[in-house]
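Trainee: Let us go through this model together. I will ask, you reason.

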Amino acid sequence: MNNESYNRLFEIANKNMQLSGSGRTFDCRKAAFFYYINSDPYEIDALKLLEMNVPNNEFIDIAYIAFLGRLADMSEVRRYEKSFSLPDREFKRIIINDLRDSDEVISFNKKRFLNFSSLIENESNSSSKNIMLRFLPVYKRLPTGIKKYIRKMLGAGEQ
């Protein structure tokens, strides 16, 4: 199914739940619903989460679904309310790091984590990245023996 089909199903189900007299609606917002439908249940990609174009208050739902398979309860939402005004990337990094290091995730989560080291490197180490990009043309012209030595010193091993 494409996103338009899921969108229509979401709208129809939500409207029918309201009209049925039960007074119920979906527990999560539409963005979280789409994340749940389209995500891999066995892995979490930090960069994909960080790049999501959703408001901070909706991102909490998505992050909790990604890491814990459930929505955040009200006390967890209140914990982050004062951070809603932060820039999107910063807010998302805080949520991702908090959930990744939480006892609940460490104890019960069996998902594979992708791009978490990239997230840390990209967000907190941009100056070293710039240095490496400037050094790359010089590195490419070095003799093979020196390249091997540099890789060994940096922990990259032999390639």
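Trainee: What span should the 13 residues of helix 4 have, and what is the distance between its end C-alpha atoms?
Mentor: This is a predicted model, where local features need pLDDT of at least 70, side-chain atom pairs count only at pLDDT 80 or more, and totals for chains, interfaces and linings use all residues. Residues are numbered from 1 along each chain as its sequence is written, and side-chain values use heavy atoms, with hydrogens and water left out. Helices (H or I, at least four residues) and strands (E, at least two) are DSSP runs numbered from the N terminus, and the expected span of a helix is 1.5 Å times one less than its number of residues. For helix 4 (residues 56–68) the expected span is 18 Å, and the end C-alpha atoms agree, being apart by 18 Å.

Trainee: How many residues of helix 4 are buried?
Mentor: Buried means under 20% relative accessible area, exposed over 50%, partly exposed in between (1.4 Å probe, protein chains only). The buried set includes Asn-56, Glu-58 and Asp-61 as well as Phe-59 and Ile-60. Helix 4 is largely enclosed by the rest of the structure, because its buried residues number 12 of the 13.

Trainee: Which element gives the most residues to the largest nonpolar core?
Mentor: A nonpolar core is a set of buried Ala, Val, Leu, Ile, Met, Phe, Trp, Tyr and Cys residues joined through side-chain atoms within 4.5 Å. The largest one has 23 residues, and Leu-49, Phe-59, Ile-60, Phe-67 and Ile-95 touch the most other members. Two or more residues come from each of helix 3 (46–50), helix 4, helix 5 and helix 6. The top contributor, with 8 residues, is helix 4.

Trainee: Which residues is Phe-59 in contact with, leaving aside neighbours within four places in sequence?
Mentor: Contact means heavy atoms within 4.5 Å. Phe-59 is among the buried residues of helix 4. Its partners are Leu-49, Val-54, Phe-91, Lys-92, Ile-95 and Ile-96.

Trainee: Within what arc do the buried residues of helix 6 fall?
Mentor: Those residues are Phe-91, Lys-92, Ile-95, Ile-96 and Leu-99. The arc is that of the directions from the helix axis to the C-beta atoms. They line one face of helix 6, because seen down the axis they fall within 130°.

Trainee: Is Ser-83 buried or exposed?
Mentor: Ser-83 sits in the loop between helix 5 (74–81) and helix 6 (88–100). Not counting residues up to four places away in sequence, Ser-83 touches Asn-56 and Phe-91. With a relative accessible area of 16%, Ser-83 is buried.

Trainee: How far apart in space are Ile-44 and Leu-114, C-alpha to C-alpha?
Mentor: Ile-44 belongs to strand 1 (residues 43–45). Its relative accessible area is 0%, so Ile-44 is buried. Ile-44 and Leu-114 are 70 residues apart in sequence, yet their C-alpha separation is 5.9 Å.

Trainee: Which exposed residues does helix 10 carry on the face turned away from its buried side?
Mentor: In helix 10 (residues 144–153), the buried residues are Lys-147, Ile-150 and Arg-151. They are on the same side of helix 10 because they cover an arc of only 100° around the axis. The face turned away carries Tyr-149, Lys-152 and Met-153.

Trainee: Which residue takes a positive phi just after helix 4?
Mentor: Just after helix 10, a positive phi of about 85° belongs to Gly-155. Just after helix 4, the positive phi is about 70°, and the residue is Gly-69.
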